Amino acid sequence: MKVLIIDDEQAICSSLQFALEDEFDVQATTDPYKGLTILKEQEFDFCLLDLKIGAVNGLDILEEIKNIQPSTVVVMMTAYGSISSSVEAIKKGAYSYLTKPLHMEELFSTMRQAVKFQELNKKVEYLSQELEKRYAYEGIIGNSPEIKNVFELIDKVKDIDSNILVTGESGTGKELVVRAIHYSGKRKREQFEVVNCSAIPENLLESELFGHEKGAFTGAMYKREGKFQLAQGGTIFLDEIGEMPLSLQAKLLRVIQQREVTPLGADKPVKLDVRIVAATNRDLKQAVEKGIFREDLYYRLNVLEIHLPPLRERRQDLPLLIKHFINQFNKELNKKVEGFSEEALKWLLNYDYPGNIRELANIVESAMIVEKVDKNGLMDLPRRYTKKTAQGASIDSVEAAANVLAGMPLKEIEEKVILATLKKNGNHRKKTAEMLGISERGLREKLKIYKESGKTFR
């Protein structure tokens, strides 16, 4: 460990250098500005800094040290210790505070703790970098012009605080884009909070977003911070924002405008420093026209829009995505699959993927679980994709189905498709909503209407 001592008394510099040089690489100086020059030329793990160096304030030197080498652990020394000066030193980045005359046992103990502290800092930095690598662009696979445009937009917005709206069909990877914005930007070391506006019941969503005080409503047995407070300094991701009830949209608009939130039952608002990113698979302009989404909220959220194209519009990326998912599931399933047979690959490259990337991942995973692999490491697709399901149906069978439905009211067709899909998925509502490209809340509302009209769907 390299140690730098800065103290205006030569005797203290010499004695400390003598005491530490058996275990550490030590340099010392009585000139604080020479000390800063040394720091610009060499890296130091640890610095012992006097609080008062002649006419120079050690706290000013501390700030300079932290500007030059933020990772250097600085311990302040003084013969005139006080609570206020120690607090100020810690605020400016000092690790600890020792009073003269120094006790060597205390000094060595502090230095050992500093070594552990530095190792922990390096580990946190490494993990942060790994997290950034994991989310910055991993998972957003492709080299098509459409996806390159998305990468460019992420780079442009990652370090600004303006509100972002991410749009695209279900399964296109909207959350990956939002995570990339957060984990590659200046807020990456702060909290990332996710709220699915369609999955949380309306009566609980307000408390989830804004928090509540104890006794604010029946069942509020304790104080709870909302997602906005938890995301302080970081990013809040409002997923499926198009499903938010109108009553809450007004409250959200107020939070965005005033940059503060008032928990349910509280008297005073809490100031916010939060970056807001929202996502939707709905056409919000159309929702505004229908009166189910506030126009003022739409423009507040949509300062900049990042649109994710459906997979059928970026077929150039399919080979890369297929290879990516094969590699991913090889690791997860302990397999050694090389790829798909020529016939299977042709089907994959020509299929329209209404469920987008999520559906492609499910197809690849399913094939790797159930299909046999030939001697070249190649596999076919399960027959349910190519023969038995609507996804694999021929043009003739699709046209035949359309002829059966021709002339039927659209609401009735929608109802039949929803109930048939629900039955196909064994009444699993989340899978049904994903397959149909609608929200869980939207599905619940439609099923409620069918039930009230006497339809059975269980």
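User: How much area does the protein chain expose, and what share of it do carbon and sulfur atoms supply?

Analyst: In this predicted model, the protein chain exposes about 25200 Å², and carbon and sulfur atoms supply 50% of that area.

User: What percentage of the residues count as buried?

Analyst: A residue is called buried when its relative accessible area is under 20%, and by that criterion 44% of the 458 residues of the protein chain are buried.

User: Which strand holds T78, and is T78 buried or exposed?

Analyst: T78 belongs to strand β6, which covers residues 73-78, and T78 counts as buried because its relative accessible area is 2%. Leaving aside residues up to four places away in sequence, T78 touches D50, L51, Y97, L98, T99 and K100.

User: How are contacts in the protein chain spread along the sequence?

Analyst: If one takes the contacts between residues at least 6 apart in sequence, 67% of them join residues at least 24 apart. As for secondary structure, the protein chain has 20 helices and 18 strands.

User: Where does E343 lie, and why does E343 count as exposed?

Analyst: The term exposed requires a relative accessible area over 50%. E343 lies in helix α14, which runs over residues 342-350, and E343 counts as exposed because its relative accessibility is 67%.

User: Which residues form the negative surface patch that includes E343?

Analyst: A patch of this kind gathers residues of like charge that have over 30% relative accessible area and no salt bridge. Here E343 forms a negative surface patch together with E342, D374 and D380.

Technical notes. Residues numbered from 1 in each chain as written. Predicted model: local features only at pLDDT ≥ 70, side-chain atom pairs only at ≥ 80, totals over all residues. Heavy atoms only, no water. Patch = residues over 30% accessible without salt bridge, like charges linked within 9 Å, V, L, I, M, F, W, Y side chains within 5 Å. Areas by Shrake-Rupley, 256 points an atom, 1.4 Å probe, with all protein chains shown as cover. Salt bridge = Lys/Arg side-chain N within 4 Å of Asp/Glu carboxyl O. Lys, Arg positive; Asp, Glu negative; His and termini not counted. Charge placed at Lys NZ, Arg CZ, Asp CG, Glu CD. Helix = DSSP H or I, 4+ residues; strand = E, 2+ residues; numbered from the N terminus. Buried < 20%, exposed > 50% of the residue type's maximum accessible area, 1.4 Å probe, protein only. Contact = heavy atoms within 4.5 Å.
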